[in-house]
Amino acid sequence: MRGIFTALMTSFTENGEINEEGLREIVRHNLDQCQVDGLYVNGSTGENFMISTQEKKQIFKIVKDEVGEKAKLIAQIGSINIKEAIELANYATDLGYDAISAVTPFYYQFDFDEIYDYYNTIINSVDNKMIIYSIPALTGVNINLEQFGKLFENEKIIGVKFTAPDFFLLERIRHRFPNKIIYSGFDEMFLSAAVLNVDGAIGSTFNINGQRAKQIFQLAQNGKIEEARAIQKTTNDLISEVLDNGLYQTLKGILQYKGVDAGYCRKPLKSLTDNQKKKAEEIAEEYL
Ligand code: MN9
């Protein structure tokens, strides 16, 4: 399960329906052009928190059907509706997903005992492995080193998608749990995480820039930090422009420009304005 995983985008029609053919095109683009090792399906980047249970299942099914055995698949099934999480975990497992992942439960300011119960209840209800999805900036939920230790006592909890700029905590987790899998979550900080010996990365920008992420990872593993830094620099020039222009909209605009029908974002996310679209095309021309 090491390597570069794209946090897969979902293609929607202008009316907000799932665009199946567009979704398949995004998958193929990731495998053929970006050459990533796997896909992380129905994460933040997939607009997961704006779609129904039925639609999540549909997406899991389409992606597995398109990928087959060509890449590893992680199903993000986290939901504060724990019954939904368990249902989706079993659904994705039956489809053949290699692991499941769940965002930390958010909104109600759950305490650690509740978070602990959430992960153990979900993973003990399914014959699969769990990757914790930690993204404190969006959930408000922080897990400290001791708490990671308690969660990792369950051997079915195999790792974490670490989307935080806390390199002190990241280094401590790496050191304390050498056999757990750590994925770097912020693409713009990937080299720094790779130097700390993470096992891979999961990111939104890999939908367009997966090849550079693969290079950064390979170079860092071979100790070629100078070369890796140059590629991270170009990557970050690209990411800065994407973030300034609207993250998901711009990624979709770039894919569209590349001939991939990434479609629209789902409301309440806005869709690209004409100016943003033009900028997305300029970014694609300059960097991709
Ligand atoms: O999961 C992604 N996080 C979100 C990882 O989309 C919330 C990242 O890949 C970021 O989008 C990316 C840009 O900040 O690093």
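## The loop around E69

E69 sits in the loop that links α2 (53-67) to β3 (72-76). This is a predicted model, and in it E69 counts as exposed, at 73% relative accessibility. Y97 lies 28 residues from E69 in sequence, with 10.0 Å between their C-alpha atoms in space.

## A nonpolar patch

Go past β3 and you get to I80, in the loop between β3 and α3 (82-95). I80 is partly exposed, because its relative accessible area of 36% falls between the 20% and 50% limits.

I80 also joins Y107 and Y108 in a nonpolar patch on the surface. Together, I80, Y107 and Y108 offer about 390 Å² of accessible area.

## A negative patch

There's a charged patch to look at too: D111, D113, E114 and D117 form a negative one on the surface. One of its members, D117, belongs to helix α4 (residues 112-123). D117 is partly exposed, with a relative accessible area of 46%.

## The two sides of α7

Now for helix α7, which covers residues 167-176. Which of its residues are buried? They are L169, L170, I173 and R174. Look down the axis of α7 and these buried residues fall within an arc of 135 degrees, so they line one face of the helix.

The spacing fits a general rule: an α-helix has 3.6 residues a turn, so residues three or four places apart point the same way.

What does the face of α7 turned away from the buried side carry? That's where the exposed residues F168 and H175 are.

Note on methods
Residues are numbered from 1 along each chain as its sequence is written. This is a predicted model: local features need pLDDT of at least 70, side-chain atom pairs count only at pLDDT 80 or more; totals for chains, interfaces and linings use all residues. Side-chain values use heavy atoms; hydrogens and water are left out. Patches are made of residues with over 30% relative accessible area and no salt bridge: like charges are joined within 9 Å, nonpolar side chains (Val, Leu, Ile, Met, Phe, Trp, Tyr) within 5 Å. Accessible areas come from the Shrake-Rupley method with a 1.4 Å probe; for residues, only the protein chains shown count as cover. A salt bridge is a side-chain nitrogen of Lys or Arg within 4 Å of a carboxyl oxygen of Asp or Glu. Lys and Arg count as positive and Asp and Glu as negative; His and the chain ends are not counted. The place of a charge is taken as NZ of Lys, CZ of Arg, CG of Asp or CD of Glu. Helices (H or I, at least four residues) and strands (E, at least two) are DSSP runs, numbered from the N terminus. Buried means under 20% relative accessible area, exposed over 50%, partly exposed in between (1.4 Å probe, protein chains only). The arc is that of the directions from the helix axis to the C-beta atoms.
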